[in-house]
Amino acid sequence: MNIKPLADRVLIEPTAAEEVTMGGIIIPDSAKEKPLKGKVLAVGHGTKDEPMVLKEGDVVLYGKYAGTEIEVDGEKYLMMRQSDVLAIVD
């Protein structure tokens, strides 16, 4: 994969949603909570008004409806603006 975000955008690989079973009932993918944490895979250069603070490899928290979901080679990723990221997890 060779995706390079532009401006203040970042490419994030979401962490896998946790599979919870209740009394032997398997919850389908459509009912799982969307993960709110992920790893930054690529970053843009930032803008003149907002320098890029995030870097590749950062683990971040983001809003539930943040970003645009894209699929490359069967894998799902999120492309979002740096301002949509809520925090960096140490």
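Here is a friendly conversation about a predicted model of a protein chain.

Trainee: Which element of the protein chain has the highest mean pLDDT?

Mentor: Let's start with the chain as a whole, which averages a pLDDT of 88, with 81% of the residues scoring at least 70. Where pLDDT is low, the predicted coordinates should not be read in detail. Among the elements, strand β2 (residues 21-22) has the lowest mean, 59. At the other end, with a mean of 97, is β4.

Trainee: Thanks! In what order do the 6 strands of the open sheet run?

Mentor: Try building the order from pairs. β1 pairs with β7 over 4 bridges and with β4 over 5 bridges, while β5 and β8 pair over 4 bridges. The edge strands, each pairing on one side only, are β6 (68-72) and β8. The pairing is antiparallel, and the full order is β6-β7-β1-β4-β5-β8.

Trainee: How large is the average twist from one strand to the next?

Mentor: Picture stepping across the open sheet from β6 to β8 in the order we just built. From one strand to the next, the twist averages 40°.

Trainee: Which residue of β7 is the bridge partner of I12?

Mentor: β1 covers residues 9-14 and β7 covers 75-81, and these two strands pair in the antiparallel sense. On the other pairing, between β1 and β4, E13 stands opposite K39. For I12, the partner in β7 is L78.

Trainee: How many residues does the largest nonpolar core have?

Mentor: In soluble globular proteins, nonpolar side chains tend to be buried together. Here β1, β4, β5 and β7 each supply at least two residues of the largest core. Its members include I12 and L78, and also Y62 and V85, where Y62 stands opposite V85 in β8. The core's residue count is 12.

Trainee: Leaving out residues up to four places away in sequence, what does A66 touch?

Mentor: A66 belongs to that core, as do L78 and M80. A66 touches both of those residues, and its list of contacts also has a residue outside the core. In full, A66 touches L78, M80 and D84.

Trainee: Is Q82 buried or exposed?

Mentor: Q82 lies in the loop between β7 and β8. Its contacts include D8, E50 and P51, along with M52, V53 and L54. The relative accessible area of Q82 is 7%, and buried means under 20%, so Q82 is buried.

Trainee: Which residue forms a salt bridge with R81?

Mentor: The count for this model comes to 3 salt bridges. One of them joins K55 and D58 at 3.1 Å, and another joins K76 and E69 at 3.9 Å. In the bridge of R81, the closest N and O atoms are 2.8 Å apart. R81 is in strand β7 and its partner is in the segment before β1, so the pair ties together parts 73 residues apart in sequence; that partner is D8.

Trainee: Is D8 buried or partly exposed?

Mentor: Compare the two ends of that salt bridge. R81 is partly exposed at 37% relative accessibility. For D8 the relative accessible area is 6%, under the 20% cut-off, so D8 is buried.

Trainee: What is the phi of D73, roughly?

Mentor: D73 sits in the loop between β6 and β7 and is exposed, at 71% relative accessibility. A7, in the segment before β1, has a positive phi of about 50° although it is not a glycine. D73 is another non-glycine residue with a positive phi, near 55°.

Conventions:
Residues are numbered from 1 along each chain as its sequence is written. This is a predicted model: local features need pLDDT of at least 70, side-chain atom pairs count only at pLDDT 80 or more; totals for chains, interfaces and linings use all residues. Side-chain values use heavy atoms; hydrogens and water are left out. A nonpolar core is a set of buried Ala, Val, Leu, Ile, Met, Phe, Trp, Tyr and Cys residues joined through side-chain atoms within 4.5 Å. Buried means under 20% relative accessible area, exposed over 50%, partly exposed in between (1.4 Å probe, protein chains only). Contact means heavy atoms within 4.5 Å. Two strands pair if DSSP finds at least two bridges between them. Axes are lines fitted to C-alpha atoms, for helices over the stretch in contact, and angles run from 0 to 180 degrees between N-to-C directions. pLDDT is the predictor's confidence in each residue, from 0 to 100. A salt bridge is a side-chain nitrogen of Lys or Arg within 4 Å of a carboxyl oxygen of Asp or Glu.
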